[in-house]
Structure formats: C-alpha cells, structure tokens
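Work through the exercises below with the model open. Each task is followed by its solution in steps.

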Amino acid sequence: MKKNLIYFIVLALLGAVFFIPGVKDNLFPVAEIESAVKVEDKDYDVVLKGVNVPSTNLKNLRGKKLMFLNFWGTWCAPCREEWPSIEALYQSKKDDMEFVLIAMLDQEQDVRKFIKENNYTAPVYLAQSPIEGKILPKVYPTTFILDPSGRIISKETSTKDWNAQSVHDFLAPFLK
C-alpha cells in the first residue's frame with residue numbers, strides 16, 4: 001500500500017512537470033536558458049560614445065566574455081537606486097565580464113556629473129546611433145546578461161540588487 005502511494009506521488013509529479021504549463025520551466029530553468037533568444041549581429045552595431053571610457057562600437061565588446069548590458073538614465077529614480085549594486089558587481093566581476101552601461105535620453109554633462117558625484121567607475125556610454133532589435137529597451141532600467149554568442153541568459157526590466165548573492169550564484173556557472 002505504501003509502495004503504491006509512492007508510485008502515485010512520483011507519477012503525479014512527473015505529470016505535473018510535463019503537462020502543466022510553467023512547472024517545467026520553474027523546476028528546470030536551464031531549459032529556459034537553452035531556448036533563450038539570441039541577439040542578432042546587426043543589433044550589436046551601436047556606436048557608443050564613452051563617458052568615462054574610450055568610445056567604441058557595441059559589436060567590438062561582444063563575443064569575448066559574458067556581457068552585462070544596462071540601459072539607464074540619470075532622470076530615472078529606479079536606475080539611480082540600482083547603481084550602487086551595479087558598481088559593486090562591477091568591482092567584483094570586471095575581470096570576468098564586459099560591462100556596458102548606456103545612458104538613455106540624457107545629456108552628457110548630467111551623466112558625467114552623476115558618475116563623478118557618486119565615484120562610479122563602471123563603463124558608461126551614450127548611444128550615438130539607433131538601438132534596435134532585441135536589445136531595444138521599452139522601460140528603464142533594462143538589463144541584459146548576454147553570453148559571448150549573444151544568447152540572452154537574463155533580462156531584467158526593473159530595479160534589482162545586482163550584488164545579491166543570488167546574482168553571483170546565477171553568474172557563477174557562466175563564468176567558469
């Protein structure tokens with residue numbers, strides 16, 4: 001009788017995993033990552049004016065390391081709120097990841113003042129050409145974590161504590 005109950009529970013769990021939408025993705029997030037959307041090569045063609053780093057094109061920064069791509073603005077309260085945690089993540093992972101923080105809808109002097117007043121050192125850019133495709137932000141802040149092949153492994157469209165242990169744990173397998 002006890003054996004039959006165990007078999008029934010196992011079958012019910014397997015049925016839930018395969019037949020109830022969303023259960024599999026929550027139990028097995030790797031499946032979601034494997035089928036993730038890839039950013040097209042043409043979407044990386046964005047001319048970037050460096051604010052505290054040399055100017056470049058986004059396509060020159062892809063393909064070598066995991067990329068932390070953040071769209072923000074000095075005018076955006078949630079963006080300013082998450083900056084300390086981004087800076088902390090940058091300080092701990094700058095050798096392992098490419099950081100690209102693009103100030104949107106902003107004046108260069110406002111961006112320079114903001115990063116200077118707060119002693120931020122994470123690489124900040126202003127887009128000098130249109131941003132299109134899968135990385136075009138619809139809200140601010142928007143952050144993507146992209147693998148070297150352009151696969152989106154994470155997309156966040158709200159403020160987040162980027163230096164939380166859960167973020168470090170999430171990034172660890174991709175940084176090996």
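**Exercise 1. Locate Asn119 and Leu105, and give the sign of phi for each.**

Step 1. Asn119 sits in the loop between α5 and β5. Helices (H or I, at least four residues) and strands (E, at least two) are DSSP runs, numbered from the N terminus. This is a predicted model: local features need pLDDT of at least 70, side-chain atom pairs count only at pLDDT 80 or more, and totals for chains, interfaces and linings use all residues. Residues are numbered from 1 along each chain as its sequence is written, and side-chain values use heavy atoms, with hydrogens and water left out.

Step 2. Asn119 is not a glycine, yet its phi is positive, about 55°. Its relative accessible area is 62%, so Asn119 is exposed. Buried means under 20% relative accessible area, exposed over 50%, partly exposed in between (1.4 Å probe, protein chains only).

Step 3. Leu105 lies in the loop between β4 and α5. Its phi is also positive, about 55°, and Leu105 is not a glycine. Leu105 counts as exposed because its relative accessibility is 68%.

Step 4. Most residues other than glycine have a negative phi, and most peptide bonds are trans. The bond from Tyr140 to Pro141 is cis, with omega near -5°. Pro141 is placed in the loop between β5 and β6 (142-146).

**Exercise 2. Find the disulfide and state its handedness.**

Step 1. Apply the cut-off: a disulfide is a pair of cysteine sulfur atoms within 2.5 Å. The count comes to one.

Step 2. The pair is Cys76 and Cys79, with sulfur atoms 2.3 Å apart. The angle about the S-S bond is 75°, and the link is right-handed.

Step 3. Are the partners buried or exposed? Cys76 is buried, at 4% relative accessible area. Cys79 is buried too, at 1% relative accessibility.

**Exercise 3. Describe the largest nonpolar core.**

Step 1. A nonpolar core is a set of buried Ala, Val, Leu, Ile, Met, Phe, Trp, Tyr and Cys residues joined through side-chain atoms within 4.5 Å. The largest has 26 residues. Phe68, Trp72, Trp83, Leu101 and Val124 have the most contacts inside it.

Step 2. At least two residues each come from β3 (66-72), α4 (77-93), β4 (97-103), α5 (108-117), β5 (124-127) and α6 (165-171). The largest share, five residues, is from α4.

Step 3. Check Phe68. Leaving out residues up to four places away in sequence, its contacts (heavy atoms within 4.5 Å) include Ile86, Leu89, Phe99, Phe144 and Trp162.

Step 4. A separate second core has 18 residues, among them Phe71, Val100, Met104 and Ile135.

**Exercise 4. Which residues deserve caution for pLDDT under 50?**

Step 1. pLDDT is the predictor's confidence in each residue, from 0 to 100. The chain mean is 88, and 80% of residues reach 70 or more.

Step 2. Residues 28-35 stay under 50. The model has seven contacts for this stretch beyond four places in sequence. Where pLDDT is low, the predicted coordinates should not be read in detail.

**Exercise 5. Summarise the layout of the chain.**

Step 1. The chain has six helices and seven strands. Their order from the N terminus is α-α-α-β-β-β-α-β-α-β-β-β-α.

Step 2. Of its 176 residues, 40% count as buried. Among contacts between residues at least 6 apart in sequence, 70% join residues at least 24 apart.
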